[in-house]
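Work through the exercises below with the sequence and the model open side by side. Try each task before reading its solution.

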Amino acid sequence: MTTTSEYKKPIPRPTGESQPFWDFCKKHELRFQRCSKCNTFRHYPRPLCGECGSFDFDWVQVAPKGTVHSWVTAHRAFHPGFAEELPLAIVIVDVDEAPGIRIMANYNDGTKADEVAVGAPVKIVFDDVTEEFTLPKIARA
Amino acid sequence: MYSPKELSNKTCVVGIGETTYSRKSGMTDLTLQLTAAMRAIEDAGIKPGDIDGILPQAAGATSEDFATNLGIKDLRYSAQINMGGASPCAAIQNGVLAVASGVCNYVLLLSGRNGYSGARTAQSIGAGLGSGPMRTMGEFEYIYGLVAPMLWYGPMARRHMHLYGTTSLQFAEVSIAMRRHASMQSNAQMKDPITIEDHQSSPILADPFRLLDCCLQTDGAAACVITTPERAKDLKKKPVYISAFGEAHPDSPSSITQRPDMTTFGIAKLAPRVFEMAGMTPKDVDVAELYDCFTFTVINQLEDIGFCGKGEGGPFVEGGRIQIGGDLPVNTHGGLLSQGHIMGMNHVIEGIKQVRGSSDVQVKDAEVALVSGYGDFGDGALAIFSGR
Ligand SMILES: [Zn+2]
């Protein structure tokens with residue numbers, strides 16, 4: 001497996017709030033914060049529920065399934081780490097079992113940019129990109 | 001205590017200054033901004049030392065730098081707004097509050113940079129990977145390649161196209177209008193008129209954006225001086241009144257991805273407030289200078305400000321409606337797309353010029369100009385200038 005120093009793309013820089021999200025990804029589990037008081041999901045990870053003001057939450061596991069909300073296709077290497085993959089679709093996905101929550105991802109099943117469509121169902125998969133980090137990615141459902 | 005409505009027309013702009021917009025200023029960032037500042041101060045007919053409030057909206061020069069160079073002995077207020085391209089327009093609010101409250105007599109608002117010959121704007125955004133307001137994006141989005149503004153805003157534009165049928169040909173209409181206006185301006189970076197075919201054959205950089213959907217990188221600076229109408233009576237120029245002002249932030253302000261409706265900007269919340277403050281409706285606006293980092297951004301703001309309904313921005317820009325001579329001329333200076341990119345301070349200046357009647361692309365009998373700023377992930381600002 002690629003060491004973090006060999007990996008050419010940007011890697012996450014977790015905070016105290018977000019570290020558990022990445023730890024779950026490493027175990028290939030998709031979990032999001034859900035408020036213990038009002039049951040509202042939230043992402044990206046943060047301390048406080050903006051709906052009710054509670055600091056209490058659980059990391060709730062959801063099915064790795066989603067739907068394409070929107071996307072953009074990079075035709076230039078805005079970062080050198082992606083130069084080999086152009087044109088690169090960068091996709092925003094509604095997570096089916098976590099209302100209001102989206103993730104960003106790239107396809108890792110060879111789906112081409114011109115095959116992406118709003119509303120398309122996707123599977124959320126886990127890509128162990130380095131020894132340290134596993135990123136959620138997507139594949140056609 | 002003032003209500004916002006009572007602050008309408010309590011302050012005015014009495015001086016404006018700009019440098020040439022180019023790719024090679026031959027000056028430092030500080031000299032560039034000081035040049036614009038001295039032109040605004042000269043235009044107002046005051047002395048540099050009369051300035052007692054400074055709102056510097058670009059990195060590279062601080063309030064202390066300006067106070068030292070301008071010989072300001074008693075600087076009473078300074079503030080830099082952290083809203084990207086919305087900062088200069090948003091800082092009008094700070095200027096109004098500082099002057100109307102009596103804290104300051106003359107506030108200098110300015111922005112500028114060597115955005116082409118210095119650290120390129122696009123590169124400096126990339127270098128900011130994961131810091132400041134971009135920290136969360138750095139962690140969850142840059143990792144998938146979403147490292148440049150045209151990539152941040154691409155999904156918003158795509159979503160708008162999906163929901164409302166907006167097309168790249170409608171984006172082209174915006175690009176063509178800005179270029180036509182720039183071609184008639186004495187001070188603009190890109191002056192060769194373009195056609196729909198030119199737009200459609202320009203390279204795709206970040207689908208749905210082509211090269212001609214994207215703003216320029218520019219060396220340039222601009223400044224204005226804000227004071228009270230009472231002080232303006234003794235000055236050289238007829239005052240331009242600040243009839244309304246404000247800043248706004250969208251839902252989910254630090255993440256476009258998590259925003260319930262990514263086609264609604266912060267100014268959708270602000271627009272009703274500024275029209276109420278000014279005692280106006282969108283129909284009263286003679287000319288609009290709208291932040292145009294991308295063509296789509298103009299279309300979406302036309303909707304969120306209320307010039308047309310949600311989803312109607314695409315058809316609205318067709319048929320030359322936003323060109324000079326049309327129903328609502330937009331970006332008569334050429335905008336960020338064709339005049340230059342100094343974070344929208346040039347939009348503020350052009351709005352003031354329209355009310356003065358001194359633009360190179362003057363809207364006949366313009367009395368009311370609306371200016372917008374847009375920055376970061378959907379932050380916004382609006383100002384309404386009028387001659388009263
Ligand atoms: Zn809650």
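The model is predicted.

**Exercise 1. The zinc site**

Identify the protein donors of the zinc ion, then assign the geometry of the site.

Solution.
- Start with the donors. The SG atoms of A:C35, A:C38, A:C49 and A:C52 lie 2.3 Å from the zinc ion.
- Read their spacing along the chain. The pattern is C-x2-C-x10-C-x2-C.
- Now take the angles. Among the four donor atoms they run from 101 to 115 degrees. Four donors count as tetrahedral if all angles lie between 85 and 135 degrees. The site of the zinc ion is therefore tetrahedral, with its angles of 101 to 115 degrees.

**Exercise 2. Two of the donors**

Classify A:C49 and A:C52 as buried, partly exposed or exposed.

Solution.
- Buried means under 20% relative accessible area, and exposed means over 50%.
- A:C49 has 4% relative accessibility, so A:C49 counts as buried.
- A:C52 has a relative accessible area of 28%, so A:C52 is partly exposed.

**Exercise 3. The sheet of chain A**

Find the order of the three strands in the open sheet of chain A, and say which strands stand at the edges.

Solution.
- The order is β2-β1-β3, and the pairing is antiparallel.
- β2 (41-42) and β3 (57-61) of chain A each have a single partner strand, so one side of each is left without a neighbour in the sheet. These two are the edge strands.
- Check one pairing. β1 (residues 31-35) of chain A runs antiparallel to β2(A), joined by two bridges. A:R34 stands opposite A:F41 in β2(A).

**Exercise 4. The sheet of chain B**

Lay out the nine strands of the open sheet in chain B and locate its edges.

Solution.
- The order is β3-β2-β4-β7-β1-β8-β11-β10-β9, with mixed pairing.
- β3 (77-78) and β9 of chain B stand at the edges. Each has a single partner strand, so one side of each lacks a neighbour in the sheet.
- For an antiparallel pair, take β1 (residues 12-18) and β7 (residues 219-227) of chain B, joined by six bridges. B:G15 has B:V225 as its bridge partner in β7(B).
- For a parallel pair, take β9 (residues 287-289) of chain B and β10(B), with three bridges. Here B:E289 stands opposite B:V371.

**Exercise 5. Strand β10 and its surroundings**

Describe the burial of β10 in chain B and follow the strand into its hairpin.

Solution.
- β10 spans residues 368-375 of chain B, and eight of its eight residues are buried.
- Sort them by direction. B:V368, B:L370, B:S372 and B:Y374 point one way, while B:A369, B:V371, B:G373 and B:G375 point the other.
- Move to the hairpin. β10(B) and β11 (residues 379-386) of chain B run antiparallel, with eight bridges. B:G375 stands opposite B:D379. Three residues lie between the strands, and B:D376 takes a positive phi near 50 degrees.
- Look at a contact of B:Y374. B:T297, in helix α11 (residues 295-305) of chain B, touches B:F265, B:Y291 and B:Y374. B:T297 has a relative accessible area of 1%, so B:T297 is buried.

**Exercise 6. The cavities**

Which residues line the largest cavity, and which elements each supply at least two of them?

Solution.
- The structure holds two cavities of 30 Å³ or more. The largest has a volume of about 60 Å³.
- Its lining is A:F21, A:W22, A:H43, A:Y44, A:I103, A:M104, A:P136, B:F140 and B:Y144.
- α1 (19-26) and β6 (102-105) of chain A each supply at least two lining residues.

Note on methods: Residues are numbered from 1 along each chain as its sequence is written. Chains are lettered from A and ligands numbered from 1 in the order in which they are written. This is a predicted model: local features need pLDDT of at least 70, side-chain atom pairs count only at pLDDT 80 or more; totals for chains, interfaces and linings use all residues. Side-chain values use heavy atoms; hydrogens and water are left out. Donors are N, O and S atoms within 2.8 Å of the metal (3.2 Å for Na, K and Ca); water is not among the atoms, so sites may look incomplete. Four donors count as tetrahedral if all angles lie between 85 and 135 degrees; four count as square planar and six as octahedral if opposite donors are over 155 degrees apart and all others between 65 and 115; anything else is irregular. Buried means under 20% relative accessible area, exposed over 50%, partly exposed in between (1.4 Å probe, protein chains only). Helices (H or I, at least four residues) and strands (E, at least two) are DSSP runs, numbered from the N terminus. Contact means heavy atoms within 4.5 Å. Two strands pair if DSSP finds at least two bridges between them. On a 1 Å grid over the protein atoms alone, a cavity is a set of points where a 1.4 Å probe fits but cannot get out, and a pocket is an open set with protein on both sides within 12 Å along at least five of seven lines; lining residues have an atom within 4 Å of a point. Grid points are joined across faces, edges and corners, and a volume is the space filled by probe spheres set on the points. Lists of a residue's contacts leave out its neighbours within four places in sequence.
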